[in-house]
Amino acid sequence: DHTAAPSPQVAVAICLLRGKWILMGRRLVSIGNSKYSLPSGHLEFGENFEECAAREIKEETGLDIHKIEFLTVTNNLFMDQPCPAHYVVVFVRAVLTDPTQTPLNLEPEKCDGWDWYEWDNLPQPLFRPIKKMAMDGFNPFPQ
Ligand code: 8DG
Ligand code: MG
Ligand code: MG
């Protein structure tokens, strides 16, 4: 049998915090298309979570981040998708190295654009996993 069985993938999602705002963008990709979500991407072979977070943010927004801290990990199933997927998602938070930097939409085929939102007033419609986390009380801001 030459058909590879699907396997879980690892992604890192970044809560980039700036004062009381968090960076989100509207996805233009098959899973969660047109939904607002955090910048994220796949962990590459040999990377640690912080390296992955800094690389994905740089690739997707041009921003430089530091103070990268682990927050939580979730197990996310997307079995109702045309191409079913299973992600173990590591959530980190971080802040801008240079607070005056502004996000660029460097992957316009994957994202509608980036902007800053307040946690109490997140954009709609939210990507299902982050919506569920917020409803369950998750809050990435230092308490
Ligand atoms: P890459 O090729 O750059 O490595 O990947 P990407 O194109 O940037 O991947 P992505 O779709 O932005 O993120 C990887 C997966 O992470 C995505 O397909 C679904 C999963 N994911 C969750 N929960 C969350 C979440 O809350 N936010 C985001 N952005 N992605 C999430 O399972
Ligand atoms: Mg991404
Ligand atoms: Mg990416």
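Mentor: A donor to a magnesium ion is an N, O or S atom within 2.8 Å of the metal, and water is not among the atoms, so sites may look incomplete. Please keep in mind throughout that this is a predicted model.

Trainee: What makes Glu56 and Glu60 donors of the magnesium ion (ligand 3)?

Mentor: Their OE atoms lie 2.1 to 2.3 Å from the magnesium ion (ligand 3), and the cut-off is 2.8 Å, so both residues count as protein donors of that ion. Being four residues apart in helix H1, Glu56 and Glu60 are separated by about one helical turn.

Trainee: How do you know that Ser40 and Glu60 coordinate the magnesium ion (ligand 2)?

Mentor: The reasoning is as before: an O atom of Ser40 and an OE atom of Glu60 are found at 2.1 to 2.2 Å, which is to be set against the limit of 2.8 Å. Ser40 belongs to strand S4 and Glu60 to helix H1, so this pair ties together parts that are 20 residues apart in sequence.

Trainee: Why is Glu60 called a bridge between the magnesium ion (ligand 3) and the magnesium ion (ligand 2)?

Mentor: Glu60 coordinates both ions, which are 3.3 Å apart, and it is therefore described as bridging them.

Trainee: What makes the approach of His42, Glu56 and Glu60 to ligand 1 a set of polar contacts?

Mentor: A polar contact is a pair of N or O atoms within 3.5 Å. An N or O atom in the side chain of His42 is 2.8 Å from an oxygen atom of ligand 1, a polar side-chain atom of Glu56 lies 3.1 Å from a ligand 1 oxygen, and for Glu60 the corresponding distance is 2.8 Å, so each pair meets the criterion. Taken alone, ligand 1 exposes 630 Å², of which the protein buries 88%.

Trainee: Where does ligand 1 sit, and which elements give two or more residues to the shell around it?

Mentor: Ligand 1 sits in the largest pocket, and the elements in question are strand S4 (40-42), helix H1 (49-61), strand S5 (65-78), strand S6 (85-96) and helix H2 (128-135). The shell residues divide into nine nonpolar, five polar and four charged.

Trainee: Why is the peptide bond from Gln124 to Pro125 worth pointing out?

Mentor: Most peptide bonds are trans. The bond from Gln124 to Pro125, however, is cis, with omega near -5°, and Pro125 lies in the loop between strand S7 (111-118) and H2.

Key: Residues numbered from 1 in each chain as written. Chains lettered and ligands numbered in written order. Predicted model: local features only at pLDDT ≥ 70, side-chain atom pairs only at ≥ 80, totals over all residues. Heavy atoms only, no water. Polar contact = N/O pair within 3.5 Å; in protein donor to acceptor, adjacent residues only side chain to side chain. Areas by Shrake-Rupley, 256 points an atom, 1.4 Å probe, with all protein chains shown as cover. 1 Å grid on protein atoms, 1.4 Å probe; cavity = no way out; pocket = protein on both sides within 12 Å on 5 of 7 lines; lining within 4 Å. Sits in = over half its atoms within 2 Å of the grid points. Nonpolar A, V, L, I, M, F, W, Y, C, P; charged D, E, K, R; others polar. Donors = N, O, S within 2.8 Å, 3.2 Å for Na, K, Ca; no water.
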